[in-house]
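Please examine the protein shown below with attention to the spaces inside it and to the ways in which its parts meet. The paragraphs that follow lead through these features one by one.

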Amino acid sequence: MKRLLLVLFTIHYSLFTISNPVDELLERIDKGASKKFKTELWKSERDFFELDQQGSKVVVRGNTWVNIASGINWYLKYHAGIHLTWNQMHAKLPAVLPPVTKKERYETDLTLRYAFNYCTFSYSMAFWDWKRWEQEIDWLALHGVNLPLAIVGEECVWRNMLIKLGYSEEEVGKFIAGPAFLAWWEMNNLEGWGGPLPLSWYQRQEKLQKQILKRMRQLDMHPVLPGYSGMVPHDAKERLGLNVADAGLWNGFQRPANLLPTDPRFAEIAKLYFDELTRLYGRADYYSMDPFHESSDDASIDYAKAGEAMMQAMKRIDPRAVWVIQGWTENPRPAMVDGMKQGDLLVLDLFSECRPMFGAPSIWKREDGYKQHDWLFCMLENFGANVGLHGRMDQLLDNFYGQKKNCKGIGFTMEGSENNPVMFELMSELPWRSEKFKREDWIKGYVKARYGKTEPLTLTAWRLLSESIYNCPAGNNQQGPHESIFCGRPTMNNFQASSWSKMRNYYDIGIVREAARLMNEAAENYRGNNNFEYDLVDITRQALADYARLQYQRVVGDYKAFDGKLFNLDASRFLDLLVMQDSLLGTRREFRLGHWIQAARNCGTMPEEQRLYEWNARVQITTWGNRYCADTGGLRDYAHKEWQGLLKDFYYKRWSAYFEALAKQKSRQMQPDMTLLGGGPNANKTSAELFQMALPQEVTLDWYAIEEPWTLQQNVYSSEPVGDPVDMARKAMTMILKGLHDDSAW
C-alpha cells in the first residue's frame, strides 16, 4: 500500500511540476516576470491566444505554447509599451503590470508560421553559440513561429555518411564548406570553399543542434530538418560508380553533382543519409529539400522520377512527413511536383511581398500557382544581411490580403536577420489580423510599443519613413535595402554595391533626411531608451549614406570639369562622411564589425581554428570568394556591411585609392599632348575618337589586390560600443545639414 501511495504521489507531483516553457521564456526576459502572468494551455480546433485578467495577474491563454508566447508579445507591445526584438530581448517590466480591462481573443486559420532561409544560417548565424540561439528561439516564439528551419549541424550528418561510403577525412574536408559558406554547400552550389572543417567544429555543431531542437520542441515547434535530394560530391561517378548529372559551376565554384533518381543506389544512399540524420537529431514532421537550386533545366534528368524518388526516401522515415520546398526562380519545377498528393508538399513562396508566384501580379507569377499544393506567404525582405532601411509595407498588405487558396500560413525567409525590426513586427501580426488595415494606422501602435510612449516628433518621423523608404512600390524588384554608396567598388558611375541588387531609386532622400532630423530633435527625451537609440543610429546612418551619394556626384562632377581644387576638397569631404559613418555606427554593438569577428574567433578551440573562422568571416562580407569569384563570378560585395571597422579599414582604403588614381589621371590629361591634335599614332583617328580621348577617363585598379590583404589580417576589432549614440547622431546630422547649407550658399 505504501508503495502504491508513493507511486501515486510521484505521478501527481510530476504532473504538476512539468516545466512551463513560456514561464521560462518570461524569466529570460526579466527575472520574476513569470510571477506576473498566468499562462493557460487550452484545447482548440483553431489557433488562438487570449488576453484576460485575474486579480493582479495578466492571463494569457492559447492552444499551443507558441500561441501563448504570441499573446505575451501582443500584451507587452499593446498594453505595456514594451517591444522585444533582436536589438532588445530583455526588458524591465513594471512592478504591477497594466491590467487587461477587457478580454481580447485573436484567432487564425494560418496555422503554419515558418522561419529562415538557408542563407540566414550563413549570413547571420554562422558563428552563433547557444546563448545567441536561445535568444533567437525566444524571438521565434514571441513572433508566432512554429515551423523553424533547423539545419545547424547538417555537416555532421554528411561527414559520417561520406566516411561510411569510403571517403577519407581529407576527402570530406575538400567537399564540405567552411562555416561562413555552409548554406551554399547545403543548397548544392559549391564544394569545399572555406574549409576544411576541424573535428572540433563537428562536435560543437552537433551539440548545438541538439540544444536547439530540444528547446524548439519544448515550445511545441516543429523543426524542419534538412532532407536528402540527391547531392553527391562532383567526383561520385568515378569514386563510387554512381550515375550522376554534372551540375557544372555556380559563380565560378565547382558544384556538387546530382545523383540521378534512376540510379539503383539512390534509395540506398538516401536511406544512409536519413538514418544518420535520425540517429543524431531524431525524426521530424517536415523535411526541407531544394533540388536543382538555381540551375538550368537538364535534359538528362527525369524531374518527375527525381521528385518521386526524393518523396519516397522521405516517406520511409515517416509516412506522414511533409516535404518543404522553396518557391524560387524555377523551383518547384512543375514536372517534379505535379504528380504529388496534396498535403505531401509545402511550398515556401519565398518573396511574396515583391515577386509572388501565386495570387498578386508579379514577374514570377504562375497562372496556376502551386496547383493542388499547400504554400506559405513569405517575406524575404533582406538579401546578404546588408545594412539599410527597406520595406514594402503597402505591397505586403495588398499581396497578403489578396488571393490565398491553399495558403496555410506565413514565413520569414530573409537571407539576413537582425535588421528592420518594423517589417518583421508587421509581418508577424498579419495572421492574427483577419481584416486588412492601413499602414498609417498600424505605425502609430508600433511607435508607442517601440518606445513606450509617443510624441509628435517620433510619430511624424515614422510616418515619413513608412511613406517613403519603407514603402517600396510594386514594380520595383530590387533585392533588399537601398545600398550604401560607401560599400561598392568605386567607379565614376557608382550606384549599387552588389551586382545582384537590382536596386532602383524609389524614395526621396530628403524625406528620409527629415525623418532623421526629427529623430535627432526628439533624442534628448529618449536617452537610455535602447530601442530609440538603435533606431536613431540606423535612421541617421541612412540619411548620411544618402547624403554621401550627393557628395560623390560632386566629386565626379569636379573631375569631369577638370577642377582640381574642388575635386580635392569634395573628395576629402566624401571621405570625412565615411569616417563619420564609422564613428556613428561604433556607438552600437549591432553595427560593429567586432561582434561578427569575435563570434567567429570564439568558435575556435585552437589558434589555427580561430584564424580559419576569422578568415571565413572576413571573406564572406567582402570578396565572397577568390579572385575569379570577386572579379568575374558576381558575388563580390553581395554581403557588404555598413559596419564600424569595415568602413574605415576596408571601404575607406578603396575610395581613397580611387580618388588618388583619379587625381593622377586628371593631372596626366591636363598635360600638353600633341598627339591629341591628330599627330603620331593618332593620325588616322576620327574626330569622334579624338573627342572621346579628350574626355575625362575612368581609371582601372586591381581591386582584388587591394581587398584580399584585409581578408588575411587578424587585427582585433572590439564589439564594445564607443561613444554616446545620441551625441554622435547629432554630430552626423549637423554634418549633413551643414553640407547642404554650404552647397546652397555655393
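In this predicted model, the second largest cavity has a volume of about 120 Å³. Its lining is made up of 16 residues, and those nearest the centre are Phe 121, Ala 126, Val 152, Leu 182 and Gln 205. Three elements give two or more residues each to this lining, namely helix 4, helix 8 (182-186) and helix 9 (199-218). Helix 9 gives the most, with three residues. Sorted by class, the lining of the second largest cavity comprises eleven nonpolar, three polar and two charged residues.

How many cavities of 30 Å³ or more are there? The count comes to six. The largest cavity among them has a volume of about 180 Å³. It is lined by 18 residues, and Glu 186, Gly 227, Ser 229, Met 231 and Asp 290 are the closest to its centre. The lining of this largest cavity contains nine nonpolar, six polar and three charged residues. Spaces of this kind can be found by calculation, since rolling a probe the size of a water molecule over the atoms shows where empty space is left.

The discussion now turns from cavities to pockets. A cavity is a space from which the probe cannot get out, whereas a pocket is open. The largest pocket has a volume of about 1000 Å³. Its lining consists of 42 residues, of which Trp 128, Arg 132, Glu 418, Arg 589 and His 595 lie closest to the centre. Which helix gives the most to the lining of the largest pocket? Helix 21 does, with five residues. Helix 5 (130-142), helix 19 (530-560) and helix 21 (593-602) each supply at least two residues of this lining. By class, the lining of the largest pocket holds 15 nonpolar, 17 polar and ten charged residues.

The second largest pocket has a volume of about 410 Å³. A set of 25 residues lines this pocket, and Glu 294, Trp 328, Glu 415, Trp 500 and Tyr 638 are nearest its centre. Here the lining divides into 14 nonpolar, seven polar and four charged residues.

Helix 5, which contributes to the lining of the largest pocket, also takes part in a contact between aromatic rings, for Trp 133 lies in this helix. The structure holds 66 aromatic pairs, and one of them joins Phe 116 to Trp 133. A pair of aromatic rings is described by the distance of the centres and the angle of the planes. For Phe 116 and Trp 133, the centres are 6.1 Å apart and the planes are at 90°, an edge-to-face arrangement. Phe 116 sits in the loop between strand 5 (112-115) and helix 4 (120-123), and with 17 residues separating it from Trp 133, the pair links distant parts of the chain. Helix 4 has already appeared as a contributor to the lining of the second largest cavity.

A further example shows how two helices meet. Helix 22 (residues 607-620) and helix 26 (residues 703-712) pack at an angle of about 145°, and their axes are 8 Å apart. The crossing of helix 22 with helix 26 is right-handed. On the side of helix 22 the contact is made by Trp 615, Arg 618 and Val 619, and on the side of helix 26 by Trp 710, Thr 711 and Leu 712. These residues comprise four nonpolar, one polar and one charged.

Technical notes
Residues numbered from 1 in each chain as written. Predicted model: local features only at pLDDT ≥ 70, side-chain atom pairs only at ≥ 80, totals over all residues. Heavy atoms only, no water. 1 Å grid on protein atoms, 1.4 Å probe; cavity = no way out; pocket = protein on both sides within 12 Å on 5 of 7 lines; lining within 4 Å. Points joined across faces, edges and corners; volume = space filled by probe spheres on them. Helix = DSSP H or I, 4+ residues; strand = E, 2+ residues; numbered from the N terminus. Nonpolar A, V, L, I, M, F, W, Y, C, P; charged D, E, K, R; others polar. Axes fitted to C-alpha atoms, helices over the stretch in contact; angles between N-to-C directions. Left-handed = near helix turned anticlockwise from the far one by under 90°. Contact = heavy atoms within 4.5 Å. Phe/Tyr/Trp six-rings, centres within 6.5 Å; stacked < 30°, edge-to-face > 60°.
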